[in-house]
Amino acid sequence: QVQVVESGGGLVQAGGSLRLSCTTSVSIFSINSMGWYRRAPGKQRELVAIITSGGSTNYADSVKGRFTISRDIAKNTVYLQMNSLKPEDTAVYHCNVVAPFNYWGQGTQVTVSS
């Protein structure tokens, strides 16, 4: 059974930082991309950041310059470093693995207080 496990969420004040981690049991040789999505209350799920097997990255405009996605291939882990957090970043963050099917983690809550 494929596992996608997120960690690192929590409560932080505006301007603060958090780092999310996502580890998967999917073989590294099968992964096309790994990414982070978020769903805020009353809103649709949106892409936050993605990194492909080739190392290319893409970010939502709202997080460019503040968030950084990176990976540790040896650990089958992707990270999301979130700096200068804003209250509007409050959401449940889900890790997505495309290999080639879509696999999702259960999500981790990020709450940014003003």
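Begin by selecting Glu46, a residue that is partly exposed, with a relative accessible area of 33%. Before going further, keep in mind that the model on your screen is a predicted one.

**The charged network**

With Glu46 still highlighted, add Arg38 to the selection, and you will find the two side chains meeting in a salt bridge, with a distance of 2.6 Å from N to O. Unlike Glu46, which is partly exposed, Arg38 counts as buried, because its relative accessibility is 6% and the limit for that word is under 20%.

Next, select Asp89, which forms a salt bridge with Arg38 in which the closest N and O atoms are 3.0 Å apart. Asp89 sits in the loop between β8 and β9 while Arg38 belongs to strand β4, so this pair ties together parts of the chain that are 51 residues apart in sequence. Is Asp89 buried or exposed? Asp89 counts as buried, since its relative accessibility is 1%.

Now add Arg66, which forms a salt bridge with Asp89, the closest N and O atoms being 2.8 Å apart. This pair, too, links distant parts of the chain, for Arg66 is in the loop between β6 (57-59) and β7, Asp89 is in the loop between β8 and β9, and the two are 23 residues apart. Arg66 is buried as well, with a relative accessible area of 11%.

If you display Arg38, Glu46, Arg66 and Asp89 together, you are looking at a network of linked salt bridges. The structure as a whole holds 4 salt bridges.

**The disulfide**

Move on to Cys22 and Cys95, whose sulfur atoms are 2.0 Å apart and form a disulfide. The count of disulfides in this structure comes to 1. Cys22 lies in strand β3 (residues 18-24) and Cys95 in strand β9, so the pair ties together parts that are 73 residues apart in sequence. If you look along the S-S bond, the torsion about it is about -80°, so the disulfide is left-handed. Both Cys22 and Cys95 are buried.

**A neighbour in strand β9**

From Cys95, step to His94, which lies in strand β9, a strand that covers residues 91-98. His94 counts as buried, because its relative accessibility is 17%. Follow the side chain of His94 and you will see that it reaches the backbone oxygen of Gly105 at 3.2 Å. Which residues is His94 in contact with, leaving aside its neighbours within four places in sequence? They are Glu6, Gly35, Trp36, Tyr37, Trp104, Gly105, Gln106 and Gly107.

**The nonpolar core**

Trp36, one of those contacts of His94, leads to the last stop. In soluble globular proteins, nonpolar side chains tend to be buried together. The largest nonpolar core here has 29 residues, and when you select Trp36, Leu80, Met82 and Tyr93 you have the members that touch the most other members. Colour the strands next, and notice that β3, β4 (33-39), β5 (46-52), β7 (67-72), β8 (77-82), β9 and β11 (108-113) each supply at least two residues of this core. Which strand gives the largest share of this core? The answer is β9, which contributes 4 residues.

Notes: Residues numbered from 1 in each chain as written. Predicted model: local features only at pLDDT ≥ 70, side-chain atom pairs only at ≥ 80, totals over all residues. Heavy atoms only, no water. Buried < 20%, exposed > 50% of the residue type's maximum accessible area, 1.4 Å probe, protein only. Polar contact = N/O pair within 3.5 Å; in protein donor to acceptor, adjacent residues only side chain to side chain. Contact = heavy atoms within 4.5 Å. Disulfide = S-S within 2.5 Å. Core = buried A, V, L, I, M, F, W, Y, C linked by side-chain atoms within 4.5 Å.
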